[in-house]
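Student: Could we go through how one pair of helices packs, and then turn to the chain as a whole?

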Amino acid sequence: MQKPNRSLITVEVPLRPAVVPRLLPAVAGALAGGDALLPLPSSPAAVRDELIAEFAPHRALEPDVAFIVPTSGSTGRPKGALLSATAVRASAEATLERLGGPGRWLLALPATHIAGLMVLARSVVAGTEPVAADLSGGFDPELFAAASVQVFAGSGRRYTALVPRQLSQLLDAGGAPLAALTGYHGVLVGGAAADDALLDRARKAGVEVVTTYGMTETCGGCVYDGVPLDGIRVELADGGRIRLAGPMLAHGYRLRPDLAHDFADGAFTTSDLGRLGDDGTLTVIGRADDVAVSGGENVPLDAVDLAVASHPDVAEALSIAVPDTEWGERVVVAVVPADAERPPSLDDIRAHVRERHPVAYAPKELHVLDALPTLPGGKTDRRGLAARLGLADA
């Protein structure tokens with residue numbers, strides 16, 4: 001039964017294991033029809049204050065809202081996805097059904113974002129007690145292994161959710177972190193494109209990887225290994241943009257009626273491009289707004305990232321498009337080398353990319369970094385990279 005005259009409560013979410021006792025009761029309450037929940041980062045204060053100003057917890061709550069989950073738009077202005085308890089439960093139940101039943105979860109992502117929050121929601125729905133890894137100093141494979149010991153102490157199935165960068169770190173660490181990773185019955189990997197080489201490496205190591213596609217507006221992942229969860233409908237709009245519909249869908253954004261068109265006709269039009277196979281399997285090509293036009297040819301930056309990252313001397317890669325008087329836009333890539341003493345050259349990278357893609361995909365500029373800039377949820381940050389390279393017009 002939904003509580004009448006519900007309030008919107010804010011909870012500052014730590015990056016320490018204390019997140020479970022701090023946040024889990026609020027998640028359970030929101031799912032049971034109590035006060036709606038707005039999770040906020042404990043720091044930095046400027047980000048927290050911006051979210052509070054944008055979402056105005058003191059103002060009246062929209063109908064049928066259990067969670068307001070922040071997500072960044074293409075302009076960088078935060079948006080608050082309005083998620084009902086029915087939507088979150090539908091997502092959690094469909095995920096558990098796809099994975100093989102209820103289980104205990106390790107939280108290894110910030111719970112201020114949908115991927116982390118859904119780990120807690122799935123735990124509530126499954127009736128299990130989650131464990132949280134300590135993320136206060138960033139993701140640490142050894143701390144992942146230590147937290148996994150607590151998960152494995154119980155019986156039943158075991159799950160976790162990661163971004164590709166974390167998966168790569170655990171594979172590189174080997175030892176106890178890799179042993180822990182192989183102990184999970186399902187490892188959801190999403191939030192960014194994972195290249196085939198990384199997924200193949202993980203599966204050969206015995207990791208039960210499940211790739212996920214989704215976003216805050218769909219309660220997180222709603223397409224697993226290319227196959228929609230039960231109840232999800234996938235279609236392609238003009239130009240190949242992916243549209244998603246189903247019971248997991250948000251019904252708008254907090255205090256933003258001007259964005260209602262994003263949810264027109266009961267479906268959410270994403271910023272992603274995709275293609276559908278004859279069997280209905282979805283392949284995500286990249287973001288519609290992450291496409292460079294170089295020499296008159298469309299170049300999806302996600303495809304460039306994956307192609308460059310598949311070079312044997314590259315651990316990670318991230319590309320941006322920069323205005324160019326000759327080409328219209330030129331592709332610039334930053335890499336983290338697999339061996340800091342032996343970084344790849346631009347010629348090596350260009351030749352490698354041209355083996356499998358048109359020449360326009362081959363970057364025209366290369367930067368070697370110790371680490372790529374990331375957003376709080378662990379995704380790589382193209383805007384942050386442009387700022388770091390001093391390319392404000394990228």
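Student: At roughly what angle do the axes of helix α6 and helix α8 cross?
Tutor: In this predicted model, helix α6 covers residues 164-173 and helix α8 covers residues 196-204. Their axes come within 11 Å of each other, and the angle at which they cross is roughly 45°.

Student: Which word describes how α6 is set to α8?
Tutor: The axes cross at roughly 45°, and angles under 35 degrees would count as roughly parallel, whereas 65 to 115 would count as roughly perpendicular. The crossing angle therefore makes the setting of α6 to α8 oblique.

Student: Is the crossing of α6 and α8 left-handed or right-handed?
Tutor: Two packed helices are described by the angle between their axes and the distance between the axes. For this pair the sense of the crossing can be added, and α6 passes α8 in a crossing that is left-handed.

Student: Which residues in α8 do the residues of α6 meet?
Tutor: From α6, the residues taking part are Pro164, Leu167, Ser168, Leu171 and Asp172. By class, the contact of α6 with α8 has 5 nonpolar, 1 polar and 2 charged residues. On the α8 side, the residues met are Leu198, Arg201 and Ala202.

Student: What radius of gyration does the protein chain have, and why does it agree with a compact globule?
Tutor: The protein chain holds 11 helices and 20 strands, and its C-alpha atoms fill a box of roughly 65 × 50 × 45 Å along the principal axes. Because a compact globule with 394 residues would have a radius of gyration near 21 Å, the chain agrees with that expectation, its own value being 21 Å.

Student: What percentage of the 394 residues in the protein chain is buried?
Tutor: Buried here means under 20% relative accessible area. Counted over the 394 residues of the protein chain, the buried share is 53%.

Technical notes: Residues numbered from 1 in each chain as written. Predicted model: local features only at pLDDT ≥ 70, side-chain atom pairs only at ≥ 80, totals over all residues. Heavy atoms only, no water. Axes fitted to C-alpha atoms, helices over the stretch in contact; angles between N-to-C directions. Helix = DSSP H or I, 4+ residues; strand = E, 2+ residues; numbered from the N terminus. Parallel < 35°, antiparallel > 145°, perpendicular 65-115°, else oblique. Left-handed = near helix turned anticlockwise from the far one by under 90°. Contact = heavy atoms within 4.5 Å. Nonpolar A, V, L, I, M, F, W, Y, C, P; charged D, E, K, R; others polar. Rg over C-alpha atoms; globule rule 2.2 N^0.38 Å. Buried < 20%, exposed > 50% of the residue type's maximum accessible area, 1.4 Å probe, protein only.
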